Amino acid sequence: MRPLALLLLFLGTVLAALPPLLGPGLPPGTELRLFSQDLRILHGAWRVEGKRLVPLSAPVPPRPGQEVQLLLVLPGEKPRTFPGVADRGDVVLLQDKERVSLLRLLKEVYGLAPPERLWP
């Protein structure tokens, strides 16, 4: 019993280390759109459906290391943007001094099942 309690405490600490940067929850209908820094190129768009992240468009892969903007549109709310950097099929979000993988955040904090990579 004791090892299980320690494991749960450890897992809680690890998961608490990832902040919910995008807000308290991502309800169905939430859209994520990835734009170039100047908002001229749409690199990809996805919608939350149940626990899945479903693509809305064919991705236009950004260059690795390219600065991007993630537009988050929650149903009934104003869109919010988050700065990030493209990184091999993922986006590293930059919030204050935090650098967090978007795919990891979607899986571990929001309980979604995103694709393994956002673009090939």
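Contact here means heavy atoms within 4.5 Å of each other. By that yardstick, and not counting residues up to four places away in sequence, Gly29 touches Arg47, Val48, Val73 and Pro75. This glycine is a handy place to start on the predicted model. Gly29 sits in the loop between helix H1 (2-16) and strand E1, and with a relative accessibility of 30% it counts as partly exposed. Its C-alpha lies 5.4 Å from that of Val48, although 19 residues separate the pair in sequence.

Stepping back to the whole chain, the protein has 2 helices and 7 strands. Read along the sequence, these elements follow the pattern α-β-β-β-β-β-β-β-α. Of the 120 residues, 38% count as buried. The accessible surface comes to about 7400 Å², and carbon and sulfur atoms account for 60% of that area. Among contacts between residues at least 6 apart in sequence, 47% join residues at least 24 apart.

How far can the model be trusted? The mean pLDDT is 86, with 83% of residues reaching 70 or more. Residues 4-16 are another matter, with pLDDT below 50 over the stretch and 1 contact in the model beyond near neighbours in sequence. Where pLDDT is low, the predicted coordinates should not be read in detail. Helix H1 is assigned to residues 2-16, so that caution applies to the stretch 4-16 within it.Turning to the strands, E1 and E2 run antiparallel and are joined by 5 bridges. One of the pairings puts Leu32 opposite Trp46, its bridge partner in E2. The two strands form a hairpin with 5 residues between them, and Leu39 in that turn has a positive phi of about 65°. Next along, E2 also pairs with strand E3 (residues 52-55), again antiparallel, through 4 bridges. Here Val48 has Leu53 as its bridge partner in E3. E2 and E3 make a hairpin too, with 2 residues between the strands. In this turn the residue with a positive phi, about 65°, is Gly50. Val48 is also the residue whose C-alpha lies 5.4 Å from that of Gly29.

The E1-E2 pair carries some charge as well. A search of the whole structure turns up 6 salt bridges, and Glu31, Arg33, Arg47 and Glu49 are linked in a network of them. Within this network, the side chains of Glu31 and Arg33 meet at 2.4 Å, N to O. Glu31 also forms a salt bridge with Arg47, where the closest N and O atoms are 3.0 Å apart. That second pair links distant parts of the chain, with Glu31 in strand E1 and Arg47 in strand E2, 16 residues apart. Arg47 in turn reaches Glu49, with a closest N and O separation of 3.8 Å. As for burial, Glu31 has a relative accessible area of 14% and is buried, since buried means under 20%. Its partners fall in the partly exposed class: Arg33 stands at 26% and Arg47 at 27%. Glu49, at 35% relative accessibility, counts as partly exposed too. Arg47 also turns up among the residues that Gly29 touches.

The nonpolar side of the picture centres on a core of 25 residues, the largest in the model. Leu22, Leu26, Leu32, Leu93 and Leu102 touch the most other members of this core. Strands E1 (31-36), E2 (42-49), E4 (67-73), E5 (80-87) and E6 (90-95) each supply at least two of the core residues, as does helix H2 (102-108). H2 gives the most, with 4 residues.

Leu22 shows how these pieces come together. Leaving aside neighbours within four places in sequence, Leu22 is in contact with Leu32, Leu70, Leu72, Arg80, Phe82, Leu93, Leu102, Leu105, Leu106 and Tyr110. Leu32, Leu93 and Leu102 in that list are themselves among the core residues touching the most other members. Leu32 is also the E1-E2 hairpin residue whose bridge partner is Trp46.

How values were computed:
Residues are numbered from 1 along each chain as its sequence is written. This is a predicted model: local features need pLDDT of at least 70, side-chain atom pairs count only at pLDDT 80 or more; totals for chains, interfaces and linings use all residues. Side-chain values use heavy atoms; hydrogens and water are left out. A nonpolar core is a set of buried Ala, Val, Leu, Ile, Met, Phe, Trp, Tyr and Cys residues joined through side-chain atoms within 4.5 Å. Buried means under 20% relative accessible area, exposed over 50%, partly exposed in between (1.4 Å probe, protein chains only). Two strands pair if DSSP finds at least two bridges between them. Accessible areas come from the Shrake-Rupley method with a 1.4 Å probe; for residues, only the protein chains shown count as cover. pLDDT is the predictor's confidence in each residue, from 0 to 100. A salt bridge is a side-chain nitrogen of Lys or Arg within 4 Å of a carboxyl oxygen of Asp or Glu.
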